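Welcome, and thanks for taking a look at this one with us. Please open the sequence and the model side by side, and let us walk through the pockets, sheets and contacts together.

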Amino acid sequence: MSTAPLPPPAAEELIPAGMQRSAGPAAWWQRTWVWLLVLAILGGTAYFVFAKPEAGKPAGMQQSGGKPGMNAMNRSQPVVAAAAKVGDINVYLNGLGTVVPLNTVTVKTRVDGQLSAVMFREGQMVKQGELLAQIDPRPYQVQLAQAEGTMARDQALLKNAQADLDRYRTLFEQDSIAKQQLDTQASLVRQYEGAIKADQAQIDSAKLQLTYSRITAPLSGRLGLRQVDAGNIVHASDTNGIVVITQLQPVTVVYTLPEDNISAVMKKLHAGQKLTVDAYDRAGKTKLASGMLLTVDNQIDPATGTIKLKAQFANDDSSLFPNQFVNARMLLDVMREIILIPSAAVQRGTQGTFVYVVRDDQSVAVRTVKLGPTEGETAAIESGLSAGEIVVVDGTDKLRDGAKVEVGERNAAAAPSDGGTPKQGKRRRDGDASPSASGS
């Protein structure tokens with residue numbers, strides 16, 4: 001008896017009984033992401049509710065329970081301050097200049113010949129009339145001898161003609177010769193006299209040429225490099241010359257100033273005042289020499305809007321050299337009885353120039369001031385500040401109007417200096433330095 005094969009089981013019969021009615025894997029993952037999203041939202045909400053307000057508080061209140069008195073802006077800031085003083089300050093005009101010698105001469109020969117000797121050293125300081133070189137003088141000595149010989153001959157002829165003229169006059173008085181013969185002899189004497197004058201001129205010319213064979217310094221100054229060596233034939237038409245002499249004592253500096261300063265400078269010159277000019281090196285830190293303003297040019301350069309001025313310096317120590325670049329600093333005026341503070345105290349902003357003034361309650365106030373001239377580390381205040389008021393010199397970067405400050409010991413390098421005795425201010429704090437006005 002044969003049996004028929006059983007049919008395969010249905011798909012539902014192969015799934016366990018507990019999972020036959022459940023959703024598939026996709027539905028399970030969807031439910032998982034929903035719970036994760038809910039947890040993320042709850043965590044973000046908790047962060048903004050509990051953590052964000054603490055982070056948003058000012059730095060001085062995060063750890064202090066929110067007390068505004070502990071704010072960092074209300075804590076005293078350490079600063080360095082100085083008192084405003086009354087004193088004098090110099091008003092300077094600064095310009096860029098070049099050292100220009102008063103005279104520069106190229107020494108040349110005035111006669112032709114062989115350069116037989118050179119008596120100078122390159123770079124030597126010479127005086128006017130000092131012998132520099134020698135040209136072979138023998139040709140000119142020969143010319144002098146010839147001129148003197150001609151002179152001697154003509155003098156003998158003149159002497160003989162004058163003797164004959166005396167005899168002819170005696171004979172003419174005796175009516176022994178004609179008047180024409182006497183006149184001819186007198187004319188001959190005058191010819192010889194003219195020849196004597198020409199001979200004397202030839203002698204003087206020969207002596208002058210002989211003098212020119214000795215080349216001397218036309219002025220006092222410093223010699224440059226030698227252009228021609230001994231033994232060469234030199235000519236009066238040579239362009240290079242033998243050496244160049246530059247006058248260094250005294251020497252001048254030509255510098256420029258803006259055209260806006262012309263009226264103030266000319267006012268001083270017309271009043272007969274002598275303006276002092278100091279020459280500084282390229283960096284403007286080392287003073288090279290002091291001199292006086294010599295003159296002002298007669299026209300403005302339209303391309304630059306500047307005018308040239310010339311100052312003269314004694315230059316005894318040869319600190320100024322021709323064509324050297326210098327910074328010229330001319331003392332125009334001295335402002336007296338003016339408020340002086342350290343330049344570091346002056347601040348600049350949208351409202352202009354201002355300073356931080358320390359009040360009695362150790363807070364600062366912003367004070368707008370009108371700035372005057374400055375000299376080194378000292379600034380003049382034309383208005384806005386009184387003598388004795390305390391201004392902040394260092395530590396201004398963290399200040400604002402009304403901020404509390406703690407005034408520390410002031411650095412002595414920031415104090416204005418004065419060559420004389422400064423006038424004391426109206427008030428003074430214990431422990432503050434006493435800066436003086438610049439009077440140099």
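## The largest pocket

In the largest pocket, the lining divides by class into six nonpolar, four polar and three charged residues. Keep in mind while reading that this is a predicted model. The volume of this largest pocket is about 180 Å³. Its lining has 13 residues, and V107, K108, R110, I215 and T216 are the closest to the pocket centre. Two or more lining residues come from each of β3, α5 (179–212) and β7.

Helix α5 also holds Q200. Is Q200 buried, exposed or partly exposed? Its relative accessibility is 34%, so Q200 counts as partly exposed, since that class lies between under 20% for buried and over 50% for exposed. Q200 also offers a handy long-range distance to check: T150 is 50 residues away in sequence, while the two C-alpha atoms are 9.2 Å apart in space.

## The second largest pocket

The second largest pocket comes to about 150 Å³. You can select its lining as N94, G95, L96, Y280, G284, K285, N327, A328 and R329. Sorted by class, these lining residues are three nonpolar, four polar and two charged. Strands β2 (85–101) and β15 (325–342) each give at least two residues to the lining.

R329, one of the lining residues, is worth a second look for its side chain. The charged end of R329 sits over the ring of Y92, at 3.8 Å from the ring centre.

## Two enclosed cavities

How many cavities of 30 Å³ or more does a search of the whole structure find? There are two of them. The largest cavity holds about 50 Å³ of space, and its lining is made by K108, T109, V228, V234, H235, D238, G241 and I242. By class, that lining has three nonpolar, three polar and two charged residues. K108 is a residue to keep in view here: it lines the largest cavity and is also among the residues closest to the centre of the largest pocket.

The second largest cavity has about 40 Å³ of space. Around this cavity stand L257, N261, I262, V265, M266, V296, I307 and L309. Seven of these lining residues are nonpolar and one is polar, with no charged residues. Helix α6 (262–270) and strand β14 (306–313) each supply at least two lining residues, and α6 gives the most, with three.

## A sheet with β7 and β9 at its edges

Now for the strands. One open sheet has four strands in the order β7-β6-β4-β9, paired antiparallel. β7 (214–216) and β9 (233–234) are the edge strands, and each has a single partner, so one side of each has no neighbour in the sheet.

Strand β4 (residues 113–118) pairs with β9 in the antiparallel sense, over two bridges. Which residue of β9 stands opposite Q114? Look for I233. The edge strand β7 ties back to the pockets, as one of the elements giving two or more residues to the lining of the largest pocket.

## A sheet with β3 and β5 at its edges

Another open sheet of four strands follows the order β3-β10-β8-β5, again with antiparallel pairing. The edge positions belong to β3 (104–107) and β5 (125–126); each has a single partner strand, which means that one side of each is left without a neighbour in the sheet.

At the β5 edge, the partner is strand β8 (residues 221–223), with antiparallel pairing over two bridges. M125 has R222 as its bridge partner in β8. At the other edge, β3 contributes two or more residues to the lining of the largest pocket.

## One aromatic pair

To close, a word on rings. A pair of aromatic rings is described by the distance of the centres and the angle of the planes. Here the count comes to one aromatic pair. F354 and Y356 form this pair, with 5.7 Å between centres and 85° between planes, and the arrangement is edge-to-face. Are F354 and Y356 buried or exposed? Both of these residues are buried.

Note on methods:
Residues numbered from 1 in each chain as written. Predicted model: local features only at pLDDT ≥ 70, side-chain atom pairs only at ≥ 80, totals over all residues. Heavy atoms only, no water. Pairing = 2+ DSSP bridges. Phe/Tyr/Trp six-rings, centres within 6.5 Å; stacked < 30°, edge-to-face > 60°. Buried < 20%, exposed > 50% of the residue type's maximum accessible area, 1.4 Å probe, protein only. Lys NZ or Arg CZ within 6 Å of the ring centre and 35° of its normal. 1 Å grid on protein atoms, 1.4 Å probe; cavity = no way out; pocket = protein on both sides within 12 Å on 5 of 7 lines; lining within 4 Å. Points joined across faces, edges and corners; volume = space filled by probe spheres on them. Nonpolar A, V, L, I, M, F, W, Y, C, P; charged D, E, K, R; others polar.
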